[in-house]
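Hi,

Here is the structure I promised to send over. Have a look at it first, and my notes on the salt bridges and the nonpolar cores follow underneath.

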Amino acid sequence: MTSWTVMLRLARRDLRRHAGRAMLTMALVALPTLVLAALATTVATASISETEHLSSRLGSAPGAVKVFANGTPDQHLFGVEQYAPTFDSGVTVGRPGALLDGARVADAETVGQLTGGTAYPLTIETTRVVVGDRRIRASVLGTDGRTPVYAGTATLTSGRWPRTADEVLVTDAGSSIGIPTRGSFVLHTDSRSDRKLTVVGAARTMDGHDLVTLPQSGATETSFLIDRAQPVSWADVQKWNTYGLLVLSRHLVEHPDLVPPAPPGFGAATDNRVPSNAIVLLLTGSVLLTVLVAGPAFTTSAARHRQALGQLASNGATRSMLRRYVLAQAVLLGVLSALVAVVLGALLGITITEVARRVSPRHAYGPVEVPWTQLLGLALVGVVSALVAAVFPAVSAARVNVVAVLRGHVSRPKVRVGWPILGAVLAVAGGALLWRTITASSLGGGEVPIAVGGVLLFGGAVVALPWLLVQVARLASVLPVAGRMATRDIGRQRSRATSGVAAVMAATALMTALAVGGGSDVAQAKRDYVPSAPAGEAFARSAPADLTRFAATARQLDPSLQIDEVRTTGALGWPDGRQPTERDVLYANAPSCPVPTSSVTDGAAGCASLGEGGMGTITVVEPAAAARMFNLSSTAQMWLNKGNVLAVQGDSGTVADGVRLKTIPDAVVRNGRLRFAWDRVPLEGAARPLAHTTTVPVRVLDASTPLLDSLRLSGIAVIVPTTLAARHGWNVPVSELRLHTSGGISTALEQRLRDRAPESVWFGVERGYQDRMMLIIEIMIASFALITLIVTLIGTALAQIEGRADQSTLAAIGAPRSIRRRMAAGYATAIGLVGGAVGFVVGLVPGIAVTWPLTTGTDASANTTGPVIAIPWAFLAPALIGVPLVAAIVAMAVTRSNPSVTRREAT
């Protein structure tokens with residue numbers, strides 16, 4: 001214990017004497033911990049737990065209820081973990097249960113009587129804000145911040161709470177989409193008359209609502225906060241379910257053990273947790289990164305204190321004392337670095353979240369949360385990593401040759417032949433273990449083999465690095481003088497260089513693994529993406545009456561806009577918006593089968609019908625529009641122009657009795673003919689054969705192109721030209737509009753159309769595959785590239801500090817003043833390129849292996865597909881090549897060209 005005390009005091013003295021070197025060492029030790037702490041804080045703050053979400057949904061109330069539309073609910077179906085999502089998406093208007101029978105929408109007084117408390121309405125609706133010629137779609141939260149029970153549903157940031165129905169608060173989310181933050185504006189709702197609202201302040205909501213008003217009557221979504229003294233128990237939930245109410249209980253969400261398990265046969269909550277072996281893989285890589293990045297600091301430190309170690313040994317210090325001398329510095333630097341890193345990381349994480357909140361205010365964010373338990377764990381990992389990184393330098397220090405060190409001469413150990421072989425064996429074994437475990441686990445199970453495999457893979461690569469550096473030094477004869485000297489110095493000072501290269505290797509390996517895994521996942525999603533329309537074409541889907549209104553609005557906004565109608569059997573709604581007593585039905589089947597009835601009962605084996613209620617819908621469209629929308633050939637368009645029909649056939653992915661079924665059975669289309677049957681039938685009554693029939697030629701199209709495949713996925717089976725439908729008087733309602741221009745729908749026109757589209761219209765523009773995952777991958781690559789650059793520069797700086805004697809010798813013999821800078825650039829380039837190359841190879845193993853569970857699946861034909869392996873060279877190559885070059889430039893710029901030279905004067 002006395003020996004440890006002495007060594008800790010010596011370590012503290014050395015750190016105070018050489019504060020600059022200590023800061024560089026701390027930066028290397030703290031860098032991975034700081035990044036992980038910032039990531040943990042960002043994730044904890046950005047994510048919203050069920051408990052954190054309670055305030056926005058319940059305020060200060062113990063519970064809330066919402067009317068269930070479909071009779072009497074049983075919340076065993078949802079489970080306590082699914083209360084909030086189900087509660088949030090539940091239908092609010094419908095026929096409640098027995099005790100609320102006859103009321104379309106429950107009122108607060110009735111709900112309060114049933115629940116034994118006071119009910120306060122909390123409303124959510126989507127509406128339009130009229131700003132100039134724009135109609136901005138906005139989400140409106142109806143709450144009353146003046147009443148204590150609503151506390152937490154919204155936060156007032158400036159101004160005052162609304163006092164009347166004509167006052168409003170604008171949130172950051174609303175301001176970001178162009179809603180005025182002062183003055184007044186008009187609120188437009190399809191179901192109610194327009195209202196003029198006056199802005200009285202600003203607010204913030206957890207769920208990213210745009211406006212805050214008082215609770216609105218007739219809102220599309222209404223829940224009731226139940227204010228009472230008692231918590232809402234499970235017995236209350238079951239009782240209120242019988243009233244036709246969905247229940248959210250604060251007490252049960254905070255104490256899920258009070259909810260009994262669901263009976264057999266009831267649905268279970270979906271497990272959305274991250275697979276455990278994915279977590280282990282990331283943790284293993286993070287710990288190895290922390291250990292290897294800290295390595296150069298202690299390797300250089302031990303080499304720098306070689307003279308002090310020799311003096312200690314000459315004064316009787318044992319080998320254990322020499323080891324403790326190096327480890328004492330690791331303890332002090334590790335503890336100090338870890339504490340500073342977690343504090344700075346937490347502050348950085350909070351800053352990142354606040355910046356993200358301002359940049360994207362419509363995203364849901366939780367309250368600021370610092371996960372101190374995780375951060376303390378990270379701090380402990382940082383301290384342990386520092387000690388582990390210092391173990392090998394400490395062991396080497398204990399073997400110091402006292403006489404040689406005191407003479408200023410240090411012999412360089414030769415690379416034993418067995419070490420690179422051992423390293424290769426360990427790396428191959430670790431890689432094979434990782435590969436086998438990951439590819440066979442489907443991201444579930446195998447945590448221990450993954451951790452062991454990762455350690456063996458990285459450890460084997462580190463063991464083989466000294467031999468590799470020697471080989472690189474031997475190839476340096478073709479380089480300029482400065483590069484040759486720097487590379488040979490790396491081969492000669494292998495202990496120092498190996499730790500620097502290993503740190504670069506660790507950062508590059510993690511960067512490569514994440515980039516390959518994420519890039520392959522994106523590539524698979526892009527490959528499987530099925531477009532809804534040709535690129536740049538807009539589509540609008542809704543009931544016929546709403547589509548008619550939208551078409552008129554679209555023509556007013558842009559008269560050059562071309563609009564095509566797509567009519568489909570089974571479309572929603574009715575042409576005049578009213579439900580009649582009769583309906584028009586249209587079916588198609590094989591001519592040899594019985595005529596379909598109004599209930600699609602064919603009455604014969606091997607027969608099937610197409611149309612509403614059948615195996616696929618019938619689409620009526622102009623031939624030219626069909627050719628453009630579905631990428632049909634000129635031959636297929638001519639076929640439609642003649643009044644014939646096309647059938648879209650693909651693999652259904654279903655296998656019955658060993659036979660793979662098609663979307664349109666061969667029994668439907670026989671001998672190139674298809675029979676259509678139609679009639680007007682009453683909505684209620686017995687089924688009867690359809691009165692009118694006709695037989696037309698048909699050609700079958702294989703759903704081989706993406707646009708045709710979208711037809712198959714959407715259930716469209718037959719394409720009918722409008723001339724054929726008009727000839728027979730088929731009344732097929734409009735189900736979709738296609739809007740297009742010669743140059744495609746611009747983003748400005750898209751926004752104008754979206755602003756003016758009715759609430760019930762689903763509007764979109766086909767822009768191809770869109771995914772933010774690639775942006776996340778790019779950010780990760782940039783982050784790891786920055787880490788690699790910092791590690792390379794700090795490692796170069798520490799090496800230059802230790803090599804000052806050599807630099808002085810070069811200056812004394814007349815070397816050019818720029819040689820020091822060029823050598824520093826060569827050193828940074830060498831360790832960056834070698835570490836990057838080895839790290840890229842090491843990172844490919846887990847990166848490619850993870851593509852099996854990520855991208856292997858089945859296609860629509862039930863065939864196994866994948867894996868998809870995509871290496872994002874466009875992002876990795878600049879990082880692998882650019883980082884060493886940037887490090888070389890920076891190292892050349894900051895290195896002094898005139899080293900201090902010790903002068904001896906004759907006496």
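Let's start with one pair: R767 and E750 make a salt bridge through their side chains, with N and O 2.9 Å apart. R767 sits in the loop between β23 (762-765) and α24 (773-802), while E750 belongs to helix α23, so this pair ties together parts that are 17 residues apart in sequence. Bear in mind throughout that this is a predicted model.

How exposed are the two partners? R767 is partly exposed, at 33% relative accessible area. E750 has a relative accessibility of 14% and counts as buried, because the cut-off for buried is under 20%.

E750 has another partner too: its side chain meets that of R754 in a salt bridge, at 2.7 Å from N to O. Here both residues are in helix α23 (residues 747-756), four residues apart, which is about one turn of the helix. R754 comes out as partly exposed, with 29% relative accessibility.

You'll find a similar arrangement to look at in helix α11 (residues 319-359), where E354 and R357 lie three residues apart, again about one turn of the helix. They form a salt bridge whose closest N and O atoms are 3.5 Å apart. On the accessibility side, E354 is partly exposed at 24%, whereas R357 is buried at 11%.

Which residues join up in a network of salt bridges? That would be E537, R541, D564, R628, E736 and R738. The count of salt bridges in the model comes to 18.

Now for the nonpolar side of things. As background, nonpolar side chains in soluble globular proteins tend to be buried together. In this model, the largest nonpolar core has 62 residues, and F458, M511, V791 and V842 are the ones with the most contacts inside it. Helix α17 (residues 494-528) gives the most to this core, contributing 14 residues.

If you want a place to zoom in, try V791. Leaving aside residues up to four places away in sequence, V791 touches L28, L31, V293, A503 and V504. There is also a second core, separate from that one, with 20 residues, among them L586, V645, V669 and V732.

If you open just one view, I'd go for E750, with R767 on the loop and R754 in the helix as its salt-bridge partners.

Cheers

Key. Residues are numbered from 1 along each chain as its sequence is written. This is a predicted model: local features need pLDDT of at least 70, side-chain atom pairs count only at pLDDT 80 or more; totals for chains, interfaces and linings use all residues. Side-chain values use heavy atoms; hydrogens and water are left out. A salt bridge is a side-chain nitrogen of Lys or Arg within 4 Å of a carboxyl oxygen of Asp or Glu. Helices (H or I, at least four residues) and strands (E, at least two) are DSSP runs, numbered from the N terminus. Buried means under 20% relative accessible area, exposed over 50%, partly exposed in between (1.4 Å probe, protein chains only). A nonpolar core is a set of buried Ala, Val, Leu, Ile, Met, Phe, Trp, Tyr and Cys residues joined through side-chain atoms within 4.5 Å. Contact means heavy atoms within 4.5 Å.
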